[in-house]
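Please work through the exercises below with the sequence and the model side by side, and try each task before reading its solution.

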Amino acid sequence: MVSVNFYLRSKTKQGYKLTLFLNFQKTQFFYFTGFYLEKSNWDNNKQRVRNNKENCASINKKLEILEKEACLLYEQYIAEAKELIQSE
C-alpha cells in the first residue's frame with residue numbers, strides 16, 4: 001500500500017521547503033513541490049496550507065493533484081510489475 005504525505009523540510013531564506021513523501025514497500029521518495037512556507041501557514045494535521053496564506057487555495061489544489069498523480073504512478077508501477085511477473 002502507498003502513503004503520500006506532505007511535510008515542511010529544510011529551512012531556507014524563502015521559508016521551509018514543502019516536500020511530498022511517497023512511501024511504499026519500505027521505500028521512500030521525496031519530491032520538492034516548488035513551494036516555500038512558514039510553519040505558521042501550514043496545518044500538519046490536514047497537510048495543507050492554512051487559509052491565512054495568500055494563494056492557499058491554488059497551492060492546496062496543486063497538492064491534491066500531486067497526491068493523485070503519485071498514487072496513480074504507484075498503481076501503474078504495481079500493474080506493470082504484475083504483468084512482468086505473469087509474463088515470465
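The exercises go from the whole chain to single residues.

The model is predicted, so local features require pLDDT of at least 70 and side-chain atom pairs count only at pLDDT 80 or more, whereas totals for chains, interfaces and linings use all residues. Residues are numbered from 1 along each chain as its sequence is written, and side-chain values use heavy atoms, with hydrogens and water left out.

**Exercise 1. The whole chain**

Task: Work out how many helices and strands the protein chain has, and in which pattern they follow along the sequence.

Solution: Helices (H or I, at least four residues) and strands (E, at least two) are taken as DSSP runs and numbered from the N terminus. By this rule the protein chain has one helix and five strands, and reading along the sequence gives the pattern β-β-β-β-β-α.

The next step concerns overall dimensions. The radius of gyration, taken over C-alpha atoms, is 16 Å for the protein chain, whereas a compact globule of 88 residues would have one near 12 Å, the globule rule being 2.2 Å times the number of residues to the power 0.38. Along the principal axes, the C-alpha atoms fill a box of roughly 55 × 25 × 20 Å. As an example of a separation within the chain, the C-alpha atoms of lysine 13 and leucine 72 are 33 Å apart, with their positions 59 residues apart along the chain.

The last step concerns burial, where buried means under 20% relative accessible area, exposed over 50%, and partly exposed in between (1.4 Å probe, protein chains only). Buried residues make up 33% of the 88 residues.

**Exercise 2. The β2–β3 hairpin**

Task: Determine in which sense strands β2 and β3 pair, and over how many bridges.

Solution: Two strands pair if DSSP finds at least two bridges between them. Strand β2 (residues 15–24) and strand β3 (residues 27–37) are joined by eight bridges in the antiparallel sense, and in this arrangement lysine 17 stands opposite tyrosine 36 of β3. The two strands form a hairpin with two residues between them, and glutamine 25 in the turn has a positive phi of about 45°. Glycine 34 is also found in strand β3, where it counts as partly exposed because its relative accessibility is 46%.

**Exercise 3. The nonpolar core**

Task: Find which residues have the most contacts inside the largest nonpolar core, and which element supplies its largest share.

Solution: A nonpolar core is a set of buried Ala, Val, Leu, Ile, Met, Phe, Trp, Tyr and Cys residues joined through side-chain atoms within 4.5 Å. The largest such core has 18 residues, and Phe6, Leu18, Leu22, Trp42 and Leu63 have the most contacts inside it. At least two core residues come from each of β1 (3–12), β2 and α1 (56–87), and the largest share, six residues, comes from α1.

Leucine 18 can then be taken individually, with contact meaning heavy atoms within 4.5 Å. Residues up to four places away in sequence are not counted, and those that leucine 18 touches include Phe6, Tyr31, Phe35, Trp42 and Leu63.

**Exercise 4. Salt bridges**

Task: Locate the salt bridges and state which parts of the chain they link.

Solution: A salt bridge is a side-chain nitrogen of Lys or Arg within 4 Å of a carboxyl oxygen of Asp or Glu. By this rule the count comes to two.

One of them joins the side chains of lysine 11 and glutamate 38 at 3.3 Å, N to O. This pair links distant parts of the chain, with lysine 11 in strand β1 and glutamate 38 in the loop between β3 and β4 (42–43), 27 residues apart.

Arginine 48 forms a salt bridge with glutamate 67, the closest N and O atoms being 2.8 Å apart. Arginine 48 lies in strand β5 (residues 48–49) and glutamate 67 in helix α1, so this pair ties together parts that are 19 residues apart in sequence. Arginine 48 counts as buried because its relative accessibility is 16%, whereas glutamate 67 is partly exposed, with a relative accessible area of 25%.

**Exercise 5. Residues in loops**

Task: Decide whether asparagine 41, glutamine 47 and asparagine 55 are buried or partly exposed.

Solution: Asparagine 41, in the loop between β3 and β4, counts as buried at 13% relative accessibility. Leaving aside neighbours within four places in sequence, asparagine 41 is in contact with Arg48, Val49, Arg50, Asn52 and Lys53.

Glutamine 47, in the loop between β4 and β5, is buried, with a relative accessible area of 15%, and has a positive phi of about 55° although it is not a glycine. Asparagine 55, in the loop between β5 and α1, has a positive phi of about 70° and counts as partly exposed at 49% relative accessibility.
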